[in-house]
Every structure is written in structure tokens, then in C-alpha cells.
Amino acid sequence: MNNSIGLSDILLISPLIVLFLFSLIPLTGKVLNNNKEQNPASSLIVALIGLCVAGGLLVVFGGSDQTAFNGQLLFDGLTQWAGLIALLAAAGGLIMMYENTSTQGKQFSELIFLTMNSILGMLILVSAVNLITLFIGLELMSLSLYLMIAMSNEQKISKEAAIKYFVLGSFASAIFLYGVSFVFGSANTVNIVDLMANAATLVKTNKIFLFGMSFITIGFCFKVSIAPFHAWTPDVYQGAPTPITSYMATAVKTVSFAAFLRVMATQTLNGSQNLFDVLQWLAVITMTVGNVAAIMQTNFKRTLAYSSISHSGYLLVGLITAGISQNSSYSAASVLFYLLTYSVMTMGAFAVLSMMEKSENHFLTNEDFSGFAKNQPLLAFCLTVFLLSLAGLPPLLGFFGKLYLFSAAVNEGLMWLALWGVINSVISVFYYLRPIVMMYMKDGNADIAEHPQQATTVLVVVAAIFILIAGLFSGPLFTLFEKSLG
Amino acid sequence: MILSTLIFLPIVFALILTAWPQKSTIRQLALGFSLLQFAVSILMLKDFDSGFAGLQFVEKFSWIERFGISYFVGIDGISVMLVMLTTFLMPIMILASWKSIDEKIKGFHIALFVLQSAMLGSFLAVDAILFYVFWEMSLVPMYFIVGVWGGARKIYATVKFFIYTMAGSVLMLLAIIFMMRLTPEVTGGNISASLLDFYKLKIPFVAGEFFTAQTLLFFAFALAFAIKVPLFPLHTWLPDAHVEAPTPGSVVLAGVMLKMGTYCYLRWVLPLFPEASAHYAWLFIALGVIGIIYGALVAMIQPDVKKLVAYSSVSHMGYIIIGIFVMNSFGVSGALYQMLNHGISTGALFLLIGMIYERTHSREISKYGGLAKAMPWYTIAFVIVTMSSIAVPMTNGFIGEFLILLGSYKYNPWIACVSVSGVVLGAAYMLWMVKKVFFGPAGEIVSHAAVDKEHALHDLSAREIAVLVPMLVLIFWMGLFPNHFMDYSKKSIDHLIANQQNYSLELRAEVKMGDK
């Protein structure tokens with residue numbers, strides 16, 4: 001085995017290096033200036049430049065199907081696209097953090113450091129082919145997040161959310177690691193590529209291996225909030241500062257699903273009917289629980305949290321499809337496409353919410369949207385676009401995401417999952433319409449917070465335009481995804 | 001390009017209106033745009049070849065190649081008149097809302113134009129996914145029209161409308177996806193969402209067994225359209241939406257949106273699932289008959305004029321469903337004609353109700369009485385429209401209902417016997433209403449207005465006459481010279497009836513010169 005580190009390894013992981021270096025700049029500046037917070041605008045720009053450079057390097061070196069460090073990290077289409085979506089979500093999250101009341105202020109450079117290191121963890125997570133490396137990525141991402149949630153200016157709920165997330169998250173990580181140990185014990189390898197060769201037969205013959213794979217699946221189910229492992233989601237999403245909630249709901253979900261997809265690609269599902277059945281039921285339960293619970297919420301942020309649970313359910317349908325499919329690049333592309341659409345529209349919705357928070361203790365209920373359209377016609381229109389897209393109305397991007405996802409499911413004969421999916425999108429309409437009703441059809445004086453928020457406005461408008469237009473050109477985009485995953 | 005122009009011109013108008021800085025000229029601008037749009041549709045009609053049964057002015061571009069989804073539009077005899085109806089009603093609605101919509105004028109007209117584009121798109125699309133996009137797109141502007149400019153219970157009504165309609169259509173989406181998966185059989189390996197490829201599919205049908213492909217697909221489509229029509233017992237959203245909608249909203253709902261449902265039975269359900277639709281025709285005919293009688297009976301006891309007309313819609317739409325499902329040329333051409341009639345006569349009724357509501361802010365029948373003396377011209381218009389609605393000979397309603405009854409008599413005399421009672425009931429509730437509102441002793445409102453000079457009842461204004469005259473002219477024109485309208489659709493309907501089992505449509509991109 002050649003243990004030296006070559007230039008190609010360095011080039012492949014250059015996005016990760018760049019992220020780390022850029023994450024240090026605002027923090028170093030702060031330390032060198034007697035621990036005084038530097039101009040947040042310049043910190044933000046440095047961070048965004050870092051994300052852009054990392055994204056550029058990922059585009060240039062990422063999708064070449066090469067491995068770094070003796071096959072520990074794989075840079076293929078999945079790494080590239082999931083990484084890019086996560087970087088995009090991180091950029092959106094940072095812009096929101098810059099202007100949100102709960103995250104503005106004296107600890108902004110620390111927040112940037114943590115955000116960029118969590119995204120570094122995410123890139124490791126999506127590129128890892130070794131389950132141990134994957135675990136390291138997962139933990140780097142999660143640890144940064146626990147801190148980010150706790151650093152909110154809000155004093156009570158955010159701390160509670162951070163502890164809750166930390167305790168339950170650690171528990172899930174432990175289960176994941178426990179599963180990895182079983183897999184290693186039974187298959188003598190923790191490399192996903194090696195597992196691909198014999199996972200389908202091993203899972204049939206070896207109970208220990210099945211046990212291990214089930215535990216790994218549970219670990220992922222926790223991270224992507226699949227019911228019944230979703231209980232932390234509403235509380236943490238509500239307690240965390242809105243920009244960080246947005247970041248969790250988009251970037252974390254994207255990369256966790258991408259890694260989940262990689263594990264699923266081992267064809268384990270084709271070997272185990274039981275695991276296959278259980279996952280199908282989990283998908284159905286998740287969609288239903290998320291949507292029905294969302295209907296009962298009055299707090300808008302909590303509604304979005306449950307909505308994100310239900311979207312995990314839709315995504316799990318796609319994941320199962322990819323797991324049993326022989327031509328998985330098509331199903332995997334539909335999952336990736338859905339992740340992109342979901343991330344953009346969720347980020348947009350959270351961004352509008354973030355702008356409306358007048359103080360760090362301000363929790364918006366549905367009533368707080370009354371009359372928003374009168375005061376902020378542009379933002380109200382954008383939020384309408386995001387919500388209708390989340391509900392899956394054509395010609396918005398969300399519809400095409402669902403179309404591709406459910407066509408893939410129907411293609412694999414999972415008609416009943418697709419049926420549950422579309423029934424659930426009708427249920428979801430009910431609560432997505434509620435803020436729209438409030439904004440346009442009730443009188444009131446809802447408005448955004450008074451401090452200047454141009455950057456978030458730009459973010460919202462760009463996201464809305466993307467949702468409006470990209471649906472019409474979704475064909476080439478999907479083909480691009482499919483090709484790069486093939 | 002003419003069809004794309006028709007579909008996307010309203011979107012362009014909506015964008016121009018969005019950017020238009022002057023608030024005071026929005027109405028004039030919108031009216032001008034809608035007239036321009038109507039002119040474009042007339043141009044299309046001028047070149048339309050009624051001797052050709054297939055699709056004309058066809059445009060096809062690949063849209064999402066991976067799934068065989070294309071931008072594919074075309075027009076034939078079945079859709080041409082509905083397209084004309086849509087463009088015709090638009091200027092009338094804008095003119096009718098001149099006074100009644102006085103806040104958020106810009107938003108209202110934008111919603112109307114987006115709605116028009118979506119409706120035209122659903123009539124013209126020949127690709128399943130393209131059709132679905134337009135079909136669902138029409139929900140959003142309608143949702144806002146009812147929800148923002150509607151009456152007291154507008155939110156309840158609009159959310160109910162949205163969820164009912166969407167619940168029906170998602171199953172259709174699933175059915176479309178399923179059928180796309182079957183298309184490689186007939187296209188030689190490529191997946192396709194084109195309706196023409198769907199027509200070629202031979203989907204297995206087993207009579208009497210519910211869980212077979214064709215039956216399930218049939219019901220998935222039929223349910224979506226039945227909710228839109230609306231067919232008894234799925235009609236409950238309609239009275240709510242109608243009553244709460246502002247006048248133009250009611251007009252477009254009754255005039256065009258309900259027709260999207262019935263039109264789609266002709267375009268999609270009958271040719272795609274010939275065996276299933278023949279096997280289950282009894283169900284739809286029975287529901288249609290129940291709808292006719294139920295709608296009429298419920299209309300009879302309504303205290304609110306608008307609600308009465310809304311339930312009369314349920315009754316009228318029952319006829320159209322019967323006409324479609326008896327599947328002979330009388331029935332289908334009668335149904336198609338009745339779609340236009342209902343659009344015009346019910347649309348005109350809603351306009352008239354809107355006019356009186358603007359004056360008195362009341363729709364309660366019991367408060368009126370003796371209106372004929374106070375507003376003679378209004379009364380004349382109302383009575384003419386009532387005659388059309390209850391199918392008096394020489395008006396358009398007669399032709400449609402007569403053909404449908406003829407068709408259903410051919411299919412099964414009993415159906416004709418039962419459904420003809422709807423004509424009698426329809427005459428009863430409409431004439432009673434007219435009697436109570438316009439004749440007899442002066443009621444609360446009229447006597448109050450006679451004393452109170454400030455709230456005196458004015459007869460029709462010039463603008464209102466301009467709104468009503470085109471409708472009244474059409475009522476007689478369509479009643480006296482039905483061939484002027486039916487000739488456009490005759491070939492296509494005959495083609496549908498004759499080839500329902502192996503339906504296919506020829507395509508023609510443009511009309512060749514000297515062809516007509």
C-alpha cells in the first residue's frame with residue numbers, strides 16, 4: 001500500500017483546505033485585535049469568497065470519480081452536486097445570520113468559523129466511502145451545529161434546543177457507530193465500495209450484518225428526521241436561530257441524504273425484504289406524521305419543521321427507489337434534484353421568516369402574517385412562491401422535483417408509495433396555504449424588522465426567481481445530474 | 001405560432017400590468033389587452049378549418065427530453081369553441097368589474113390574465129404533463145380571486161375550492177406518470193407524455209373487476225374531472241365558491257372553469273379508456289341525473305339569488321355529463337353546445353346579479369319584489385337570460401338541452417324521461433325567482449329606494465349595457481342559428497364517436513392557402 005500523499009490528493013481535497021483556511025481569517029482577525037469583533041460585513045464577504053472558491057474547486061476537481069488517500073474519499077458526481085447544494089445552502093445561511101437578530105452581534109466571526117467547519121464536515125461526509133471516515137464527517141458537522149445553535153442571542157429555548165440536539169444526536173451517533181462495528185465484524189470491511197460486491201448476499205445469510213446495516217440506517221434516519229426518529233426536529237428547529245434552522249434543514253439534510261444514498265447503493269435492500277418493507281413503512285409514516293402534525297401547528301417555524309419532516313418522507317421514497325433500482329443513476333438523480341429544489345424553497349421560506357423576526361425572542365405565529373402583502377408586496381409574493389412550490393404546484397420547481405421523484409418510484413413498481421406521496425401533498429396544501437391566506441386575505445400590519453436587511457432580500461428574490469424559472473428548464477438540469485451520477 | 005400567442009399573450013399582459021406605474025389607467029389597459037386577445041382568437045378562428053377532424057395549428061417542441069415531455073399544443077373542433085368562449089368572456093369580466101372591484105385593482109387584473117392563460121393552456125395542451133401544469137396553474141389565480149376580493153366567508157370557500165380540486169388532480173398526475181411508463185410499448189422504446197401516444201395504448205380492461213389497469217386509470221382521471229365539473233356528490237365546493245366569489249370570479253368559474261372538467265372527458269377519458277367509459281357510463285349518467293334533480297330541488301329553496309344560480313349550475317352540468325356519456329353524436333354535440341350555453345347564460349346571470357348587488361348590497365330574494373317597475377331594462381335583460389337558462393325555444397339553451405335529451409333517448413328512453421323533469425323543475429325555480437324579484441308588490445328594497453332619493457335604483461348604465469348586449473346577442477344568435485357554431489365541431493365529434501375504440505388525431509401544422 002502506498003501511504004504517501006500525492007499532489008492529486010491535495011488537489012482533490014483542495015475545497016476542504018480552502019474552507020478551513022478561510023474559516024480562520026475572521027477569527028484570527030478578531031484574536032489579533034484584542035478580541036474585538038471585526039466589521040461583520042467584511043467577515044461575511046471573506047466567508048462567501050471562501051465558499052465560492054471551494055465551490056469552484058469542487059466543480060473543477062470534484063466530479064472526476066477519483067479517490068483521495070487510498071480510496072478513503074471519493075469525488076464523484078454525488079459528492080460534487082451534494083457538496084455544491086450544501087455550499088449554496090451555507091452561503092444562504094450565512095447571509096441570513098449576518099442580518100438576523102439572534103445571530104448578529106459580537107460572536108459573528110465564531111459563527112462563521114463554525115459554519116465553515118461544519119460544511120467542511122459535510123464535504124467529508126458526502127465524499128467518504130469508508131464508514132469510519134463518514135462518521136468523522138458526521139461528527140464534525142454535528143459538533144459545529146450544536147455550538148452554533150447554543151450561540152444564539154436568545155437565552156432560553158436555543159440552549160434547550162442545543163442540549164436536546166446534542167444528547168439525542170450523540171445517542172444516534174453511538175447507534176451508528178455500533179452498527180459500523182457489527183458490519184466490520186461480519187464483513188471484514190467498512191469500505192462501501194467493497195461492501196457493494198457482497199452486501200446483498202451477506203445481508204441474507206448473516207444476521208449480524210443485517211443488524212449492523214439496520215443500525216446504520218437508524219443513525220441516518222435520525223439525522224434526516226425520519227419518523228419515529230424525528231422527535232427532536234420540531235424542538236430543535238424552533239429553538240435554533242432561524243438562519244441556523246434554515247442551514248440545518250437544507251445543507252444538513254442534503255448531505256445526510258447523499259451519504260445515506262451512498263450506503264443504500266450497496267444493494268442491501270435487494271437482499272433484505274424485511275429492511276425494504278420497514279423502510280417503506282417509515283416513508284409512509286414520516287410523510288403522514290409530518291404533514292398531519294404540521295396542520296396542527298400555530299407557530300410558523302414549527303410548521304416548517306414538520307414540513308421538513310414530511311419532505312424527508314418524500315425523499316426516503318426516492319432513496320428506497322434508488323436502493324432497489326438496477327439503474328440507480330436515474331433514481332439517485334431524482335433524489336438529488338429533489339434535494340436541490342427542497343433546499344432552495346425551504347431556504348427561501350426561512351429567509352423571509354428570518355427577516356420578519358423583530359427580536360431574538362420573537363416567535364411568529366400564523367396570525368403574525370396578517371397584512372404582510374400590503375406592507376411588503378415583493379416579499380409576500382416570494383414567500384407565496386416558496387410555499388406553493390413546497391406544496392408542489394406547477395409550474396414551480398417543487399412540482400418538477402415531485403414529478404421526477406414519483407416517476408422514479410412508479411418506474412420501480414413502488415406505486416403505492418407514490419400514491420401516499422401525492423395524497424400527502426394534498427394534505428400539505430392545507431397548511432402551506434395558511435400563511436398565504438393571512439398575508440393576502442386578512443388585514444393587519446405584519447412587517448419585517450426595521451434594521452436594514454438588503455442582503456437577505458436579495459437572497460429571497462434570487463431564490464424566488466430560481467423557483468419560478470428553473471422549473472421550465474428542469475429537463476437539462478436533471479439530465480446533467482443523471483449523467484454525473486452515471 | 002397562433003396558439004402559443006394565445007396562451008402566452010395574457011402572461012405578457014400580466015407582466016406589463018405588473019410594471020405599469022399609473023394606477024388610474026389599469027382598467028382601461030386591461031380592457032384593451034383583453035380585446036386584443038379576443039381579436040387574436042378571432043384571427044385563429046378565421047383560419048380554422050372546420051372540415052378537418054384532427055388537430056390544427058400544431059406546435060411541438062421537446063421540453064423535458066428525458067421523460068419525453070414536450071411543449072405540444074393543437075386545436076380541434078372540440079376545443080375551438082371553448083377557446084373562443086374564454087377569450088370572449090374576458091373583456092366582459094373586466095368591464096363588469098369596473099365598479100365592483102375597487103381595491104388592489106392591479107392584482108385583480110394580473111390574476112385574471114394568468115387565469116386566462118392557464119385555462120387556454122389546458123384547452124390547447126396535447127401533452128399530458130403540459131396539460132397538468134396548466135390545469136393546476138389555473139387554481140392559484142382563482143384562489144386569489146375568490147380569497148382576496150370575495151365575500152364574507154371567502155377564506156373558507158377558497159381553501160375548500162383549492163383543496164377539493166387539488167385532491168382530485170393529484171391522482172390524475174399519478175395516472176399520467178403510470179401511463180407514461182407504458183408508452184415505450186407504442187413508441188418503440190422512448191418514454192412519452194404525448195396524448196397521441198397515450199391514445200395508441202391498449203390498456204387491458206376486465207369488465208367488473210375494479211383493480212385492473214384501465215378501470216383504475218379511468219377513475220383517477222374521471223375523479224379529477226368530476227370534481228371540477230362538479231358532478232354530484234362532489235359538488236359541495238361549487239356553491240360556496242360561487243357565492244363568495246366576486247362577480248367576475250363567478251363568471252369565469254361558471255363560464256370556463258367548469259367546462260375544463262367536461263371538456264377533459266371528451267379529450268381524455270372517452271378516447272383513452274373506451275371500454276371502461278362504456279362499462280361505467282351508467283354510473284356517470286346516474287350521477288348526472290341525480291345532479292340534475294338534486295341541483296334543481298336545492299335551488300328551489302334557496303333564499304339567496306346567487307346560491308340559486310350556483311345550484312342551477314350543478315343541475316345544468318348534470319345534463320352535460322349525460323350528453324357526454326351516452327356517447328352518440330346527438331348527445332356529445334349537445335353537451336358541447338350546452339357547455340357554451342351554460343357559460344353564456346349562467347355567466348350572464350351572475351353578471352346581472354352582480355349589477356343589482358352593487359346597487360342594493362343584498363341578494364335575498366325575499367327582500368325584493370316589484371323590481372320591474374323600478375328597473376325595466378334590467379328586468380328585460382334578466383328575463384331573456386332566464387329564458388335561455390330554462391331552455392325556451394329560440395334561445396341557445398333549447399338547442400343544447402334538446403340535443404342531449406335526444407341523445408339520451410336514443411341511449412335509453414328512461415334516462416330522457418327522468419332528466420326531462422329537470423327542465424320542468426328548472427323552469428319552476430327560475431320563474432318563481434323572477435316572479436318574486438321582479439313582479440308582484442314592491443318589496444322592502446324597492447319601496448325603500450322609492451322613498452330614499454339617495455339610494456334610488458338606477459336602471460342599467462351604458463357600461464352595463466355594453467356588458468350585457470354581447471351576451472344577449474349570443475343567446476339569440478346561438479338559439480336561432482346553431483349551425484354557425486356547431487359546424488366547427490361537427491367533424492371532430494363525428495370522428496370521436498366513430499373511432500372511439502382506436503382514437504387517433506391527424507396533425508396539421510398550418511392551414512395551407514386555398515385549402516378552405
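**Two chains, one contact and a helix pair**

Student: How many residues of chain B are in contact with chain A?

Tutor: Keep in mind that this is a predicted model. On the other side of the contact, chain A brings 23 residues. The number for chain B is 27 residues.

Student: Which helix gives the most to the side of chain B that touches chain A?

Tutor: Let's go through the candidates: β1 (56-64), α5 (128-137), α6 (139-149) and α7 (154-182) of chain B each supply at least two residues. By class, that side of chain B has 21 nonpolar, 1 polar and 5 charged residues. With 14 residues, the top contributor is α7(B).

Student: Why is chain B as compact as a globular protein of that length?

Tutor: Chain B comes to 23 helices and 2 strands. For its 516 residues, the globule rule gives 24 Å. The chain counts as that compact because its radius of gyration is close to that figure, at 22 Å.

Student: What share of the residues in chain B is buried?

Tutor: Buried here needs 20 or more other C-beta atoms within 10 Å of a residue's own. Across the 516 residues of chain B, the buried share is 59%.

Student: Over in chain A, are α15(A) and α20(A) roughly parallel or antiparallel?

Tutor: Helix α15 (residues 328-356) and helix α20 (residues 454-470) of chain A pack at about 150°, with axes 9 Å apart. Angles over 145 degrees count as roughly antiparallel. So α15(A) and α20(A) are roughly antiparallel.

Student: How many charged residues are in the contact of α15(A) with α20(A)?

Tutor: Among the residues that meet are A:Val344 and A:Met345 in α15(A), and A:Leu459 and A:Phe466 in α20(A). The contact divides into 12 nonpolar and 3 polar residues, and the charged count is none.

Technical notes. Residues numbered from 1 in each chain as written. Chains lettered and ligands numbered in written order. Predicted model: local features only at pLDDT ≥ 70, side-chain atom pairs only at ≥ 80, totals over all residues. Helix = DSSP H or I, 4+ residues; strand = E, 2+ residues; numbered from the N terminus. Rg over C-alpha atoms; globule rule 2.2 N^0.38 Å. Buried ≥ 20, exposed ≤ 12 C-beta atoms within 10 Å, placed from the backbone. Contact = placed C-beta atoms within 7 Å. Nonpolar A, V, L, I, M, F, W, Y, C, P; charged D, E, K, R; others polar. Axes fitted to C-alpha atoms, helices over the stretch in contact; angles between N-to-C directions. Parallel < 35°, antiparallel > 145°, perpendicular 65-115°, else oblique.
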